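Here are some short exercises to work through at your own pace. Try each task before you read its solution.

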Amino acid sequence: MIRIALAACLAIAAAWPARAAVEIQEVTSPGGITAWLVEEHSIPFTALEIRFKGGASLEAPGKRGAINLMTWMLEEGSGEMDSQAFAAAQEALAAKFDFDIGNDTLSVSAKFLTEIRDASVDLLKTALTDPTFPAEAMERVRAQALARIRSDATDPEEIAWDAFDRAAFGDHPYGSDKVGTLESVAALTRDDLFDAHDRVLTKDHLYVSAVGDITPEELGALLDTLLGELPDEGASYPPMAELGIEGGVNIVPFDTPQSVAVFGHAGIRRDDPDFFAAFVLNQILGGGDLSSRLFTEVREKRGLTYGVYTYLADWDYAKLLMGQVQSANDKVAEAISVIRDEWAKVAETGVTAEELEDAKTYLTGAYPLRFDGNGRIARILVGMQLSDLPIDYIETRNDKVEAVTLEDVKRVAARLMRPEDLHFTVVGQPVGLEATN
Amino acid sequence: MRRLFAVLIALAPALPALATEVTTRTLDNGLEVVVLEDHRAPVVVHQVWYKAGAADEPPGKSGIAHYLEHLLFKGTDDLEEGELSATVARHGGSDNAFTHWDYTGYWQRVAADRLELMMEMEADRMRDLQIDDVDIATEREVILEERSQRVDSNPYRLFGEQKMAALYMNHPYGIPVIGWRHEMEALDLDDAMAFYRTYYAPNNAILIVAGDVAPDEVFALAEEHYGPLAPTAGLGPRERPQEPPQLVERRMTFEDPRISEPYVSRDYLAPAREPGAQEEAAALVILSGILGGNDFTSVLPRKLVHEDQTALYAWSYYSATSYDATSFGIGIQPVPGVGLEQAEAALDDALAEFLEEGIDDEQFERVKFQLRAQRIYAEDSTRHLAERYGRGLTSGLTVEDVQAWPDVLQAVTQEDVMAAARAVLTRDRAVTGWGRAPAETEEEAAAMDASAPDAPVEEVTQ
């Protein structure tokens, strides 16, 4: 019964809805700010996504943690309002503002109800353009940042990422945690926060998308109100990071029952002609679903872990092929050995025709399913702009996946997958695992 | 901001009452089917929820509900090991499952025209699971690794496990969903199949289909694929051991070197939403919003973080949807230099003040307005709407209860909230836990002892 249905479904696969049903408009405000918009009037709210490119990597020398602290302080007082007044106003509007700082972007995610859109926009504007960084609030938020730094120092996963980043990226901003160190955060002043704000929140770093109950004209006016007063220019972007890791194992001893291993080596640029082949290859090797090679070999066949995955890290200032696995201290050596073997196998022989077909049907089928909510679509749109993708990318993306051949995957596997360069940072008390550096 | 606020209160009632279309039907074999329509994208979420979770496990078999959830991916008479997930992936979908004390759920998210295939496979594994001793041995290693990763590597989760064990003196909510390690290590094929045969049946399940679908078509497909499945005969009422009267506070101090920031966390035994009687739970939802729902304006953060500056963080939480009695929690993470005894005293003072002063009118209206707005934002995610029904229906509520819930919340008065607060916030029915790193020197240990409260710590007293 099942098999018949399967065959029937495969037969109609040609009729796949391979195109996501979103219509993107480019909107330029009277004041010259550009945004991508999808109108969706069935629910009376709008999701707005704002990005300031550069994020924590725009840090001034010696001020590690300033941009993070500045981001955490955006809700702590602005214009005439203190933090209590700001929060009460936001609650009363039932507007949702999220400020988040990453290595590549400072992101602002906002949702607001159509009926009270103007008041919501005015409120968000004060946080973005007129924060006051009150001294008393700064001490409280600084204490929260210091608590986070201490807490990360006892979390095996954080320790692993930190050690990997330090080894991989050295003095580049990627080489240290954006929250900063106990010393650097303790030394920050209010002036540093104003300076951090000037460095990041500027028009030359700005990318915007909106999805929801709003027309192009309304969005244009909103953009000028909300963002028109931002300064034109901020700090310049950092250079690409130079990759400082070599193949081997670095062990960071930590008292925990299960080791965490973070691994990786150089990756591939998005504008590389073989990027899509690499993307499909990663899906087969260790991509998110429950049937990748690593998932099958490390978890399903051997029970060595609950989770193992890989991904192409397409960061702005470094391109890596990365992965992570957690395994009991007495099993992690075997897990690493299986991962290395799979790495070598795929480098040497590529993948099978069936694996390639399965990965392509998954990736092309899953793509349109991503576009199923205002917030989700808005995040995709702003991500496309940050990656410098054309506005019609959604229509051509699946064709690029479809075009990948077995030869392409084999070629990119031989070039990309380098078992001898694969670096493991292991945090825990691994048994039978030799550190090599 | 006062003028803005006045405008908003005037506007607030005008928010449109929109609702996703919900249609329900029960098949002859007892399967309850719920269809939620959302035609914005050609996507469907297909979920089967079993009214069986960790709190329904036999004594000594902790973890079997979750273990079985993993084993459901192993294969049936018609499906090879891993074939279900591979098939979903091949059709561009994603799938997974989840286990809780009150339910176990399985879901796929696919293009809407693939719904029938999902139903076919999910119906197949409702009754025809086929697993062997090899599957079971490997997968037991996986769940033990999962326990290591999620619980043993995380001191806050370990703390929570101990706290729940102390809060529930008799009810199985005191046993972790993933299981105690020593019992997980002994789980076998018979345990899994016994649980499976009893509870995985149409008369113990809820099918939820949400997305770009027509209800009549869903019902016809459900009839075709789930309709022929046999119900479990003689499935009795769902009764777990209940809590005796709780007469005395319990306290614990949990020390782990990985806890860098000490904290105090307290859970009170509290009522959950009951079918046809959700009022007290609704009052507690609003109480939680007023005490800790916002890091700036709520009572505990405002008093402890912003005014007294005793705390880095202060919080409250309440989970209203639960088959049996649930818990209401509060907590404080003090600023460095403030000991846990002082922090706990500050927390108690803030609560006492609140019980005396009552609720600020404006804050009350803001919290309720946010709940109204939440109904609009929630429409953006059909999956979350589907989960709302799944959790409700597996917790003993009806579709009518789930639909009435937003109105029940809006009907809550300040008096209701204060009455619920006085009824629930009593330490005789609570566990107070301190989490911290062990002292590294004798001096530190002496300092910690000096700040210990009168009640004995390091043990669960009752």
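**Exercise 1: Where the chains meet**

In this predicted model, 62 residues of chain A are in contact with 59 residues of chain B. Find out which helix supplies the largest share of the side of chain A that touches chain B, and what kinds of residues that side holds.

*Solution.*
Step 1. Begin with the elements that each supply at least two residues to this side of chain A: among them are helix H1 (2-11), helix H3 (83-93), strand S7 (105-113) and helix H5 (135-152). Further along chain A, helix H13 (353-369) and helix H14 (374-386) also belong to that list.
Step 2. Look for the largest share: H3(A) gives 9 residues.
Step 3. Sort the residues on this side of chain A by kind: 33 are nonpolar, 19 polar and 10 charged.

**Exercise 2: One helix, step by step**

Describe helix H6 of chain A: its span, its buried residues and what covers them.

*Solution.*
Step 1. H6(A) runs over residues 156-169, which makes 14 residues. From first to last C-alpha it reaches 20 Å, close to the 20 Å expected at 1.5 Å a residue.
Step 2. Pick out its buried residues, which include Pro156(A), Ile159(A), Ala160(A), Phe164(A) and Phe169(A). The charged-looking names Asp162(A) and Asp165(A) are on the buried list too.
Step 3. Ask what lies over them: the cover includes strands S9 (248-253), S10 (258-266) and S13 (423-428) of chain A.
Step 4. Look just past the helix: Gly170(A) follows H6(A), with a positive phi near 50 degrees.

**Exercise 3: An annotated span**

Locate the annotated domain in chain B and describe its make-up.

*Solution.*
Step 1. An unreviewed UniProt entry annotates residues 187-371 of chain B as "domain: Peptidase M16 C-terminal".
Step 2. The end C-alpha atoms of this span lie 43 Å apart, and the span is 40% helix and 21% strand.

Terms used:
Residues numbered from 1 in each chain as written. Chains lettered and ligands numbered in written order. Predicted model: local features only at pLDDT ≥ 70, side-chain atom pairs only at ≥ 80, totals over all residues. UniProt positions renumbered as here; feature names shortened; annotations may be inferred. Helix = DSSP H or I, 4+ residues; strand = E, 2+ residues; numbered from the N terminus. Contact = placed C-beta atoms within 7 Å. Expected span 1.5 Å × (residues − 1). Buried ≥ 20, exposed ≤ 12 C-beta atoms within 10 Å, placed from the backbone.
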